[in-house]
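Student: I've got a fold open on my screen and I'd like to talk it through. Can you take my questions one at a time?

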Amino acid sequence: MNQLPEFDTRPVAFFDFDGTLTTGDTLMPFLKFVVGKPTYYAKLALLSPVLGAYYAKLLRNDIAKQIVLKQYLGGYHIDELFRFGERFSEEVIPTMLRLEGMERLRWHQAQGHECVLVSASMNVYLESWAKRERFSDVICTALEVGQKGHVSGKIQGKNCHGDEKARRIVVSKLNSRRLTYAYGDSKGDWPMLKLVDHGFVFERGAFSVSSI
């Protein structure tokens with residue numbers, strides 16, 4: 001999706017995806033959707049040391065993510081993954097949506113605000129879902145694509161997480177609008193929440209004003 005014109009002065013609301021608009025992570029369900037349950041669980045067993053190191057904070061988020069993506073998606077053509085992503089966004093994501101997050105999205109849309117999705121999740125399924133839900137723009141993690149269109153599991157640039165979320169918003173100049181909002185649910189969203197006039201974090205079943 002293209003960036004919004006710099007002269008647009010309407011308020012803008014930034015939304016994290018996993019855990020904010022959904023009830024949990026969507027990447028692993030997507031990988032299961034692509035490769036099927038038997039292959040998914042077989043590869044998951046092989047990756048258990050990597051995931052264990054990540055959860056123990058011994059391995060960086062971006063490194064762990066690329067190891068996982070290489071194991072599951074290495075060798076796929078990007079066009080095929082976008083087709084899987086479109087189906088996933090139609091069939092699976094609707095079953096994972098968080099009511100409170102979607103209500104906030106609908107409120108901003110009803111006010112005529114620009115709504116931007118900002119996520120570490122993958123473009124191959126976020127773009128089609130965001131288009132369907134009338135987001136103005138998507139800022140997210142994208143897969144690196146080889147000359148013949150196949151992916152290795154590497155991501156383009158940095159994983160759109162933590163400080164990278166804030167950096168991309170600043171580069172887009174969307175945070176310079178006259179009124180800005182942001183919604184998140186984890187520490188990875190704090191840099192984004194600090195950028196805006198009104199930041200909200202989902203905790204204990206509801207959104208509250210961020211005190212970060």
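Tutor: Sure, and a definition comes in handy before we start: helices and strands here are DSSP runs, at least four residues for a helix and at least two for a strand, numbered from the N terminus. With that numbering, K173 is found in the loop between α8 (163-172) and β6 (180-184). Keep in mind that this is a predicted model.

Student: How many helices and strands does the secondary structure of the chain come to?

Tutor: Counting those runs over the chain gives nine helices and eight strands. The globule rule gives 17 Å for 212 residues, and the radius of gyration of the chain is close to that, so the chain is as compact as a globular protein of that length. As for the tally you wanted, it's nine helices and eight strands.

Student: What percentage of the contacts with a separation of 6 or more comes from residues 24 or more positions apart?

Tutor: Start with the overall frame: the C-alpha trace spans about 50 × 35 × 30 Å along its principal axes, and 50% of the 212 residues count as buried. Among contacts with a separation of 6 or more, the share from residues 24 or more positions apart is 65%.

Student: Which helix gives the largest share of the largest nonpolar core?

Tutor: That core has 48 residues, and L31 and Y125 touch the most other members. The largest share, six residues, comes from helix α1 (residues 27-35).

Student: Which residues does Y125 touch, not counting residues up to four places away in sequence?

Tutor: Touching here means heavy atoms within 4.5 Å. Leaving out residues up to four places away, the list for Y125 is F17, T26, L27, F30, G85, F88, S89 and I93.

Student: Is S119 buried or exposed?

Tutor: S119 sits in strand β2 (residues 114-122). Beyond its neighbours within four places in sequence, S119 is in contact with F17, L126, I139, C140, T141, C160 and K165. The cut-off for buried is under 20% relative accessible area. S119 has 1% relative accessibility, so it counts as buried.

Student: How far apart in space are Q71 and L47, C-alpha to C-alpha?

Tutor: Q71 belongs to helix α4 (residues 61-73), and its contacts, leaving aside neighbours within four places in sequence, are K43 and L47. In sequence, Q71 and L47 are 24 residues apart. Their C-alpha to C-alpha separation is 8.3 Å.

Student: What about N61: what separates its C-alpha atom from that of L47?

Tutor: N61 also lies in helix α4. Setting aside neighbours within four places in sequence, N61 is in contact with Y54, N159 and H161. N61 and L47 are 14 residues apart along the chain, and their C-alpha atoms are separated by 14 Å.

Student: Is R134 buried or exposed?

Tutor: R134 is in the loop between α7 (123-132) and β3 (137-141). R134 is not a glycine, yet it has a positive phi of about 70°. Exposed means over 50% relative accessible area. R134 has 53% relative accessibility, so it counts as exposed.

Student: And what is phi of K173 near?

Tutor: Back to the loop between α8 and β6, where K173 is found. At 44% relative accessibility, K173 counts as partly exposed. Its phi is positive in a residue other than glycine, with a value near 70°.

Methods: Residues are numbered from 1 along each chain as its sequence is written. This is a predicted model: local features need pLDDT of at least 70, side-chain atom pairs count only at pLDDT 80 or more; totals for chains, interfaces and linings use all residues. Side-chain values use heavy atoms; hydrogens and water are left out. The radius of gyration is taken over C-alpha atoms; the globule rule is 2.2 Å times the number of residues to the power 0.38. Buried means under 20% relative accessible area, exposed over 50%, partly exposed in between (1.4 Å probe, protein chains only). A nonpolar core is a set of buried Ala, Val, Leu, Ile, Met, Phe, Trp, Tyr and Cys residues joined through side-chain atoms within 4.5 Å.
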